[in-house]
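Trainee: Could you take me through one part of this model closely, the open sheet and what is packed around it, and then add whatever helps to place it in the rest of the chain?

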Amino acid sequence: MGEDTLTLHRYPQDQVSNLQAWDAGDEHLINIFMTEMASSPIAHCSLINDQFGALCCGLSRRFPELAISIQSDAKTSQLGIAQNLLANCLNPKITYLNARAALNQADTQVLMKLPKNLNFFREQLQQLSQSLVPGAKVLIAAKAKVINASLLALIKEHFGEASASLTFKKTRVITAIFDGRVRRAATAKTWAVPEYQLTLTNLSNVFASSKLDIGARIMLDNMPSGDFGSVIDLGCGNGVLGLRAAQLYPKAHIYFVDDSEMAVASAADNWQMNQFESERGHFHWDDCLTHMAQEDVVDLVLCNPPFHQGEAITDHIAWQMFVDARKQLAKGGLLQVVGNRHLNYHVKLKRLFGNCQTAASNGKFVILRAVKS
Ligand SMILES: C[S@@+](CC[C@H](N)C(=O)[O-])C[C@H]1O[C@@H](n2cnc3c(N)ncnc32)[C@H](O)[C@@H]1O
C-alpha cells in the first residue's frame, strides 16, 4: 500500500479478483491521523469499518506502541485484518469488537470508514454518543461524491458538529466532534410475513430490511420435502429460511450462519420471537462454515448466496458456500440454492457435486438442488 510498502490482501486471499484491499480513503485517514499524532499523541485508538486492515496495518507500522480496537460487523474483516497483520509482521495490542460492542470510553480519537448503509451509520453514531467523552473526535473517510449537506446534517443530529476536509484522490475526511448529548437508537421495527405466520425484525446492517428478498420468497415457496434432522441456513440474514425450515421439519436442529454479527443476532431474536424451542436453534458468526465442527454433519443446507463483497461484485463467496456446504453435508444430504438465473450457479454445483437439478424457476430466479453422493 503506497509508500508504506505494506502488502495487503483482500479476504480470503485466494479470491479471483483484481480489486485491491485498500483505497484512497484509508491513505487519507492515515495522513490526517499522522498530523494529529504530531500535535497531540494518544496511546489508544479505535477503528470502525476497516475492511481488510489497511488502517490497522498502516497505523501500527507507523506507531508500533499504539493500542488499537477494531469494531466491525463482518467476520471476514476480522479475519482479513489478522491475515494482513501477520503478513506484514505487525503485532499491535489489538481488541476485536463486533459492531454492537461499546468502544473504549477513554478514546478521544476514532477513525471510521463510511459504510454504504446509512441506517447502520446512524446507529454507529448513536452508539458512539453512548461511549465517548464530550469533545472526542471521529474522523470519517468517504468518497468525496457522497459527502453532502444532508450527510453532515445527519452526523450533527446523531453525534455532533461535522466539517469535511479538502479532497485527496477523490476522497474527503469528515471531522465530527462529539457534543456530549447521548442518543439512543430507535427500537428495531417488527414486520409480519402472514403467509408463513412469521414475525421478523432486522438489526440495521442486515440484508433486506423490513421486506422479504425476492430470492428468499421463491425459496420459501419451494422448500424441499423430507424428514430432515439438521439444517444449515447459510448466509442467514434475518434467518427467514431457517425459521421456515423449523416450521416444516419440527424435530430438526437449525444452524444459522452469517458473516454479519447483526444478521446472526437478528436470526436469534427472530427464533425467540417466533417461539421455537431454544435447544433446536444454533447461531454462528462465521465466514461461511470455516469454524463449524466437523461432527455437526447436516442433511440439508439452504442458501441464498451474496453476489458481492462490500461494493465489489464477486462469486467467490457463493463458491466457498457451496464447497463448505458439501463438506458439512452427510452422504445423501441436499444443498438447495436460490440465485439469479444469469449467475449460472448450476455450472458450479454440477462441477462440485456431479449433479444439479432445477427444482423451480421464474423469469429471473432459479432454485437448484444438488445431492452429496
Ligand atoms: C442474499 S443474502 C440472504 C439472506 C437471507 N438468507 C435471505 O434469504 O433473505 C446473503 C447473506 O449472506 C451473508 N454473507 C455474505 N458473505 C458471507 C460469508 N463470507 N459467510 C457467511 N455469510 C455471508 C450476508 O451477510 C447476507 O446476510
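Mentor: What follows begins with the sheet, goes on to the nonpolar cores, and ends with two individual residues. Please keep in mind throughout that this is a predicted model.

The sheet is an open one, built from 7 strands that run in the order β12-β11-β10-β13-β16-β18-β17, with mixed pairing. At its edges stand β12 (281-285) and β17 (357-361), and because each has a single partner strand, one side of each is left without a neighbour in the sheet. Direction ignored, neighbouring strands are turned against each other by 20° on average. Within this arrangement, β10 (residues 230-234) and β11 (residues 253-258) are paired in the parallel sense over 5 bridges, and I232 has Y255 as its bridge partner in β11. Packed on the sheet is helix α9 (residues 316-328), which touches β10, β13 (298-303) and β16 (329-340), and whose direction makes about 155° with that of β16.

Turning to the nonpolar cores, the largest holds 33 residues, of which V231, V240, Y249, I254 and L302 touch the most other members. Helix α7 (residues 240-248) gives the most to this core, with 5 residues. If we look at L302 in detail and set aside residues up to four places away in sequence, its contacts include V231, I232, D233 and L234, and also M219, M223, P224, L241, A245 and Q336. Apart from the largest core lies another, of 28 residues, with L29, A54, L85 and A141 among them.

Two residues deserve a separate look. K75, which lies in helix α3 (residues 75-87), is buried and yet has no salt bridge, since the nearest side chain of opposite charge, that of D286, is 6.3 Å away, whereas a salt bridge requires a side-chain nitrogen within 4 Å of a carboxyl oxygen. Leaving aside neighbours within four places in sequence, K75 is in contact with D259, W285, D286 and D287.

The other residue is N202, located in the loop between β9 (198-201) and α6 (214-221). Its relative accessibility is 10%, and therefore N202 counts as buried, the limit for that term being under 20%. Not counting residues up to four places away in sequence, N202 touches A188, K189, W191, F207, A208, S209, S210, N238 and S266. For one of these, K189, the C-alpha atom is separated from that of N202 by 7.5 Å, the two residues being 13 apart along the chain.

Definitions and conventions
Residues numbered from 1 in each chain as written. Predicted model: local features only at pLDDT ≥ 70, side-chain atom pairs only at ≥ 80, totals over all residues. Heavy atoms only, no water. Helix = DSSP H or I, 4+ residues; strand = E, 2+ residues; numbered from the N terminus. Buried < 20%, exposed > 50% of the residue type's maximum accessible area, 1.4 Å probe, protein only. Lys, Arg positive; Asp, Glu negative; His and termini not counted. Contact = heavy atoms within 4.5 Å. Pairing = 2+ DSSP bridges. Axes fitted to C-alpha atoms, helices over the stretch in contact; angles between N-to-C directions. Core = buried A, V, L, I, M, F, W, Y, C linked by side-chain atoms within 4.5 Å.
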